[in-house]
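Please look over the model shown below before reading on. The paragraphs that follow lead from its cysteines to its nonpolar cores and then to one of its pockets.

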Amino acid sequence: MANTDAKPIELVQTGKRDYLIDLEKKYRAYWAEEKVFQVNAPDIADVQGLSPAQIHEKYPKWFGTFPYPYMNGSLHLGHAFTISKIEFAAGYQRMLGKRALFPHGFHVTGMPIKASADKLIREMEMFGPDFENFDAVQQKLIEEAEEKEKAVVERDGPVDKSKAKKGKLAAKSTGHVYQFQILQSIDIPTADIKKFADPLHWLKHFPPIAIEDHTNFGSRIDWRRRFLTTPANPYYDTFVRWQMNKLHKLGKIKFGERYTIYSPKDGQPCMDHDRSDGEALGPQEYTAVKMEVAEWGAAAQSASIPDKVGGRKIFLVAATLRPETMYGQTNCFVGPTIKYGVFAMNDKEAFICTYRAARNMAFQGITQSRGEINQLMEFDGSILVGTRVKAPFAIHPEVYVLPMENVLPTKGTGVVTSVPSDSPDDCATLSDLAKKPAFYGIEASWAAIPPVPVLSTPTYGDLIAPALIKSMKIQSQKDVKQLAEAKEIAYKEGFYNGVMLVGEFKGMKVEEAKPKVRERMIEAELAMAYAEPEGLIISRSADECVVALMDQWYLDYGEAGWRAETERLVSNMELYQTETRHSFEKTLGWLNKWACARTYGLGSQLPWDPQFLVESLSDSTIYMSYYTVAQLLHEDSIDGSKPGPLGITPDQMTDEIWEYIFCSGPFPSPSPLPREKADALKHEFDYFYPLDIRSSAKDLVPNHLTFCLYNHVALFPEDKRPRSMRTNGHLLLNGKKMSKSTGNSLSLREATNKFGADATRLTLADAGDGVEDANFDEKSANANILRVHTLVLWCEEMLKEAPNLRQGPKTSYHDKVFEHEINDLINITQSHYEALNYKDALKYGFYELQTSRDWYREVTSDISMHADLVMYWIRVATLLISPIAPHFSEHIYRTFLRSPTSIQRALWPTPSTPVDVTTIESGVYMRGTIKTIRDAETTLVKLLTKSKGKGGAKPVSYDPRKPKSVRVYVATTFPEWQETCVQVIRECYDAGTDKVDDARARTMLGERGLIKDKRVMPFFQEFKKRMAQFGAQTAFRRTLPFSEREILAEVTPYLRKSLNLVDVEIFSTEDALERQEQEGFTKSIIDTAEPGNPAVQYRNV
């Protein structure tokens, strides 16, 4: 059960944990000494003459990765959760005899590090090199802010602080405002923080911490292959150069003017990894309709707007996604409380819109000077109400500006052109205004134009919005939820099924007419193209981003041929979960042109245009292939400062060499390096590639993971493309979202220090495997410490006690059941490891296995456990849990089982005998029946207690304190009503479809007078489950595969001892009914017995 109070727990007793941590340190040192995680392709000499298929059959391999982390901090538990999916898989794949490669690199490309370093420079200028003046400067800033707020209050009245945005001095969600405070919070000494003003210092500081954290976690990583991105590693830099050059030559990278998310503060595009908020959001394109002011309303005249615009023509600019409906404009809406401005676009025109919209326009070639925002005035939207404006393309050429409560200042321009025939929001609002003009402060004539038919649909006719308002019983503009639903229906119905009724394109389908109407409006200079972010996007430099129209290099994702081939790859890949497949399909449906270059941050230069750097999501799409050769280029050298065993230098890694290695391109002549060295690199790549699995958090599907597939399709032959991808949800801590500000957070280092590696790993495995959010429960982690400690001590005790355990042949029935249960759990656990379902692998390979052992220990207490089976269980239990918890497994394997080699080199256990399902079922029956017998006495005692309180009730003649015996009644036939039900199901079963016709079955049960019997439908459903589990024919046979009486005879000694019984008697129901006249044989009890479910009767003797 989750620790729902979401507070970190404090460990009171740490002795057991410390004992386990000491073991973990011991065996990690052993693994490092033995270099057990260093994995290489087989020697070239050993595979001479073999085809690739023959090589992999003789030397099977597995290659798994997860997205390398960004090095601007330490790994948190969320990282560990995603990492664990590959880590556990690596451990399991090793046990299949495969060369399992799990490498790890470090991502440093992009803005975050450079932006943080620049922040530190500014903070050092403000507060001093060691931030010694922080308190004094901070107090001054606070006083200045308070004075400014006071002035605003005196001028405008009290501020509604509940709606105010956080200012610069307000703490972020981390609780820290400044970069130096963030570094202090992760234990960077204040005296060392100045070093982080150099971006390259981050690259030196954080990767060693991550490596140490991984090591303490027990990760099976081949660290020889580690690397940094960017020119910080010149070998990787040449790899990115080859990648970008090839994409450029293939026409996948293009140059042109396009919309992109842009940070004015940073002066460059702001891609997903450059954002602190708004990841996966892109530009939203609109048609901006220019509604020229024809006559100012009284409020606008009073505000002297006409006198303050320098003789410019004034346009209210409305952003619309539906230009084809502009023929039906009846008015224009503004938010009465929203702030609007008059913004000079040039010497002749000025636009009325929100400042946010004007800021976007300033970077889209709409203003006279790029980035310039020339605001002439600011006022509330209420000032504009009653102004008459021209309505481009509308049947009614001039309309009035009216108030609308639901206008959003954060979407569009703040100006909404109203088409009540096709917009439910417009229709509902206009209706409200027309009903109560005085209440809304307007003249009735301003809202007098009725909806104008613009398009027709088969379902809703010529006026889709009024029809939806009526059918959905929407009363007013305040019915926001219903209006949102109606809006979606109206848009889809109009777009896909609508036909134009008016205008130049009358009779044309809306889907075809929409772009044509837009084009005509722009040609007539009555509209223009406008775009803005789909939602709020904040850069890592704390800048609110805009959409900019700019010339840039971009990857042409979405191009028809490239997309189709990528879709084909996705359709053939193993994605493990339906949700993941749907996410990829959805992303491929919308993803298009992606800016791949920037001018600020860290990164490799764009080879043909070196003023630009490759952005962070474009240099990290195929780096998995680089892992295969990294150890030969710069073994154990993260920055490539030390050449690897082949002695290759970065300048020798030309595009032609990379093409030869990865794509079997022609070997260059002359060559910068000997062919045998290139062949050694190619041999490693050909052996390990393609990637077998990539595991990631689900939020990388819309960018990194899809980019990865696109780039593999473009750059690699078909047989080198990824085979599978797996995604997981986010990790909660104690049932709540992790947050430093609330104290509910845990880094990987903190977790392993607090609970030890194995307890942490067990808890991560138990957290969940789907795309929904998982939960790391600290109480479970603490319980795992005790569980592991107890298991280790038990194994040690059993080894000491082995000579005293039962020896010789395994003749007991319980021996047989125990052995088959062990073997069955081997197979079940393996199926879950194969499916990457670690929660269930843990359930069966750890918890259920211990439950089976506990039962065996209890039920054989009179004869002792068999020594061979105890040792077999210890060995199996150790091997089954080792992928998840390798440290204590290694201890048992090496110390108690005395293996000369590491458990990291052990193979998956083979069951000692084929699993006998009958034996397994008999074991289930045995435990279930014993529980039934225990429960029967409990029920009887409760009945006895109740009978004492009822004067007229017949007392129950049983005293649990006196000597007692139990009679067990075993049935060989089923009740007649059940047999009738089964016969009905048989008659309604179709073997071809393997389905039961439920409706027909219910009719037949009714005809037989059974449908009202409360026992029937639960039995009906349970029987169908049995059909699904065991197959229809097995279920219909209705016979037990074992003798109940024989099983009960086996457990009789245990029952006598554990329940303190004088005797246990077993009768068939037939024999018992013949004795019903005798004392202690009760017909009502005997009649409840069914095959597999005996009846029980206690009595005093």
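A residue is called buried when its relative accessible area is under 20%. With that cut-off in mind, and remembering that this is a predicted model, we can begin with C270, which has a relative accessible area of 0% and is therefore buried. C596 also counts as buried, because its relative accessibility is 0%.

How many disulfides does the structure hold? The structure holds zero, and the positions of the sulfur atoms help to explain this. A disulfide is a covalent bond between the sulfur atoms of two cysteines, and a pair of sulfur atoms is counted as one here when the two lie within 2.5 Å. For C270, the closest cysteine sulfur belongs to C545 and is 3.8 Å away, which means that the two are too far apart for a bond. For C596, the closest cysteine sulfur is that of C270, but the distance is 16 Å, so here too the sulfurs are too far apart for a bond.

Both C270 and C545 are touched by S539, a residue whose contacts, leaving out residues up to four places away in sequence, also include S263, D266, D274, R275 and S276. S539 sits in strand β18, which covers residues 538–539, and with 1% relative accessibility S539 counts as buried. Its side chain also makes a polar contact, at 2.7 Å, with the side chain of S541.

From these residues we can turn to the nonpolar cores. In soluble globular proteins, nonpolar side chains tend to be buried together. The largest nonpolar core in this model has 110 residues, and those with the most contacts inside it are L77, L120, W202, F755, F776, W873 and F888. Helix α27, spanning residues 867–881, gives this core its largest share, 11 residues. Another core, of 74 residues, lies apart from it and has L101, F227, Y557 and I648 among its members. Returning to L120, we find that, once neighbours within four places in sequence are set aside, this residue is in contact with F131, Q179, F180, L183, I193, F196, A197 and W202.

Finally, we can consider empty space. The second largest pocket contains about 1,000 Å³ of space, and of the 33 residues that line this pocket, K411, V416, S423, D425 and K487 are the closest to its centre. Which element supplies the largest share of the lining of the second largest pocket? That element is α14, with nine residues, while β7 (313–320), β14 (415–418) and α12 (424–435) are among the elements that each supply at least two.

Notes: Residues numbered from 1 in each chain as written. Predicted model: local features only at pLDDT ≥ 70, side-chain atom pairs only at ≥ 80, totals over all residues. Heavy atoms only, no water. Core = buried A, V, L, I, M, F, W, Y, C linked by side-chain atoms within 4.5 Å. Buried < 20%, exposed > 50% of the residue type's maximum accessible area, 1.4 Å probe, protein only. Helix = DSSP H or I, 4+ residues; strand = E, 2+ residues; numbered from the N terminus. Contact = heavy atoms within 4.5 Å. Polar contact = N/O pair within 3.5 Å; in protein donor to acceptor, adjacent residues only side chain to side chain. 1 Å grid on protein atoms, 1.4 Å probe; cavity = no way out; pocket = protein on both sides within 12 Å on 5 of 7 lines; lining within 4 Å. Points joined across faces, edges and corners; volume = space filled by probe spheres on them.
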